[in-house]
Amino acid sequence: MRLFLFLALLTTASLATAADAPKPAAELPEIKELPNPFTFADGKPVRTTEDWAKRRDEIKNLFQDYEYGHLPPKPKMTVTRGEVTTDADAKVSMQQLTVKLEHDANSIQMRVTVAWPSEAKEAVPVLLQPAFSFGPPKAPSAKSFRTFAKRGYAVASFNLTDAAPDGKARTTGVYKLYGDKIDCGGLMAWAWAFHRVLDALGEMKEIDAKKAIVTGHSRYGKAALVAGAFDDRIALTVPSHSGCGGSAPYRLIYAKNEELKNIVGAFPNWFRPDFNQFADKVTRLPVDQHMLMALVAPRALLQPEGTQDTWTNPEGVQQTYAAAKKVYEFLKAEDKINIRYRPVGHIPSNDDLLDYADFVFAKKALPADFGKLQYKEDKKAFSWDVPK
Ligand code: GTR
């Protein structure tokens with residue numbers, strides 16, 4: 001009995017220290033520039049790739065503790081497959097998957113449409129692309145997949161809102177499964193959903209799941225970046241015009257760009273509930289978004305941006321790109337990160353994505369516009385460099 005009491009006390013004590021509640025924003029040090037990914041929280045430098053692996057875990061925790069909340073666990077999964085149908089004109093084969101996810105007595109379903117080139121001789125790379133629709137889901141037609149199939153890619157199309165609602169009520173999707181046991185906001189919940197779709201695709205012989213691409217536009221671009229940062233199975237991450245909460249920096253504002261205070265005001269549900277403590281304390285955030293991009297390294301990352309898409313801070317993304325590239329350089333993978341500006345507003349381009357995927361998976365040459373910077377270097381963005 002006494003031993004039990006002692007053990008119980010010991011456990012509570014160690015839990016109290018282990019939990020080490022993250023310090024509130026007001027107690028965190030001010031960092032004016034983009035924080036140095038090569039310095040641990042205790043000030044020690046990153047010198048080796050082993051150090052980076054540890055720092056990478058630390059950065060993951062910072063994003064979970066302060067911004068997005070924690071990645072929910074993997075639940076039990078059962079996949080039910082529909083009939084395979086083939087559209088001879090489009091040369092596209094399709095199958096509907098119903099992905100049942102269960103935890104305790106609760107279950108939810110994700111519906112995924114998978115389409116692949118019907119004449120492929122071997123397993124093909126796959127693009128995980130959420131449908132950008134706010135209404136009831138429409139099953140995509142074979143024709144809508146033709147462009148991808150022609151170029152040798154499969155596509156998995158799904159509704160992220162099956163896995164997490166885009167609203168304040170935390171009652172459906174992953175929240176229905178885990179209730180109060182999870183603290184994540186919508187972006188991390190959607191990242192979790194990308195991971196579940198990848199689990200389901202891994203079982204298909206038509207698909208080479210080692211060549212998985214995650215993408216999304218705007219809010220789903222933010223989610224795609226979080227998905228790529230938190231799952232090493234993803235080979236290529238393409239957050240399209242992801243802006244604030246995605247690839248754009250919180251600290252560097254150049255025009256009428258969306259800022260932290262705007263996004264936590266309009267979409268508090270995308271983040272941890274207490275992320276708003278940084279609304280007027282942006283420089284106390286221990287991370288900035290170049291560090292989320294750096295978590296993807298050394299796996300491939302493409303940043304599609306629009307020079308006229310001011311709200312998404314395209315100039316700021318040039319700075320986070322430059323900062324994240326330092327980590328790619330450190331890992332000797334600088335050819336795996338790229339940026340592509342188009343002279344457009346808030347419009348995605350599948351061509352850029354496929355051109356970059358061809359470069360990554362088939363070693364095809366990149367069109368000349370890739371990697372072309374549009375703004376002058378901001379010397380104040382960051383002063384640190386790759387450790388020598
Ligand atoms: C905007 C929001 C952006 C972006 C966009 C969207 O209103 O400010 O961060 O996510 O919505 O996803 O449509």
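**Exercise 1. The core around Leu292**

Which residues does Leu292 touch, not counting residues up to four places away in sequence?

*Solution.* Before the steps, some ground rules. This is a predicted model, where local features need pLDDT of at least 70, side-chain atom pairs count only at pLDDT 80 or more, and totals for chains, interfaces and linings use all residues. Residues are numbered from 1 along each chain as its sequence is written, and side-chain values use heavy atoms, with hydrogens and water left out.

Step 1: list the contacts (heavy atoms within 4.5 Å). Leu292 touches Phe63, Tyr68, Leu225, Val226, Ala229, Phe230 and Gly246.

Step 2: zoom out to the nonpolar core, meaning a set of buried Ala, Val, Leu, Ile, Met, Phe, Trp, Tyr and Cys residues joined through side-chain atoms within 4.5 Å. Buried here is under 20% relative accessible area, exposed is over 50%, and partly exposed is in between (1.4 Å probe, protein chains only). The largest such core has 99 residues, and Leu292 is among those with the most contacts inside it, along with Phe63, Leu128, Trp192, Phe194 and Leu201. Helix H5 (residues 186-201) gives the most to this core, namely 12 residues. Helices (H or I, at least four residues) and strands (E, at least two) are DSSP runs, numbered from the N terminus.

Step 3: check for anything separate. There's a second core of 24 residues, which includes Phe148, Ile213, Leu236 and Ala300. As background, in soluble globular proteins nonpolar side chains tend to be buried together.

**Exercise 2. Helix H8 and its two ends**

Work out how H8 sits in the fold, then look at what flanks it.

*Solution.* Step 1: count burial. 8 of the 8 residues of H8 are buried, so the helix is largely enclosed by the rest of the structure. Gln289 and His290 are among the buried ones, and so is Leu292.

Step 2: find the packing partners. The buried residues of H8 pack against H2, helix H6 (219-229), strand S8 (236-240), strand S9 (300-306) and helix H9 (314-330).

Step 3: look at Asp288, in the loop between helix H7 (260-266) and helix H8 (289-296). Asp288 counts as buried because its relative accessibility is 0%. A polar atom of its side chain lies 3.0 Å from the backbone nitrogen of Arg251. Among the residues that Asp288 touches are Leu34, Pro35, Phe63 and Tyr250.

Step 4: go to the loop between H8 and S9, where you'll find Pro298. The peptide bond from Ala297 to Pro298 is cis, with omega near 5°.

**Exercise 3. The ligand site**

Say which residues surround the ligand, then pick out the short polar distances.

*Solution.* Step 1: collect the neighbours (a heavy atom within 4 Å). They are Ser218, Arg219, Lys222, Glu258, Ile263, Phe267, Trp270 and Trp311.

Step 2: pull out polar contacts, i.e. pairs of N or O atoms within 3.5 Å; within protein, one must be able to donate a hydrogen and the other to accept it, and residues adjacent in sequence count only if both atoms are side-chain atoms. Ligand oxygen atoms lie 2.7 Å from a side-chain N or O of Arg219, 2.6 Å from one of Glu258, and 2.9 Å from a polar side-chain atom of Trp311.

Step 3: get the burial. Taken alone, the ligand exposes 320 Å², and the protein buries 78% of that. 

Step 4: check the backbone at Ser218, in the loop between strand S7 (207-217) and H6. Its phi is near 60°, a positive value in a residue other than glycine. Ser218 counts as buried, at 15% relative accessibility.

**Exercise 4. Cysteines and His70**

Decide whether Cys184 is in a disulfide or in none, then see what His70 is in contact with.

*Solution.* Step 1: search for disulfides (cysteine sulfur atoms within 2.5 Å). The whole structure has 0. For Cys184, the nearest cysteine sulfur is that of Cys244, 19 Å away, which is too far for a bond. Cys184 is buried at 0% relative accessible area, and Cys244 is buried at 1%.

Step 2: move to His70, in the loop between helix H2 (49-68) and strand S1 (76-81). At 29% relative accessibility, His70 is partly exposed.

Step 3: list its partners. Leaving aside neighbours within four places in sequence, His70 is in contact with Gln64, Asp65, Asp183, Cys184, Met188 and Arg272. With Asp65 there's a side-chain to side-chain polar contact of 3.0 Å.

How values were computed: Areas by Shrake-Rupley, 256 points an atom, 1.4 Å probe, with all protein chains shown as cover.
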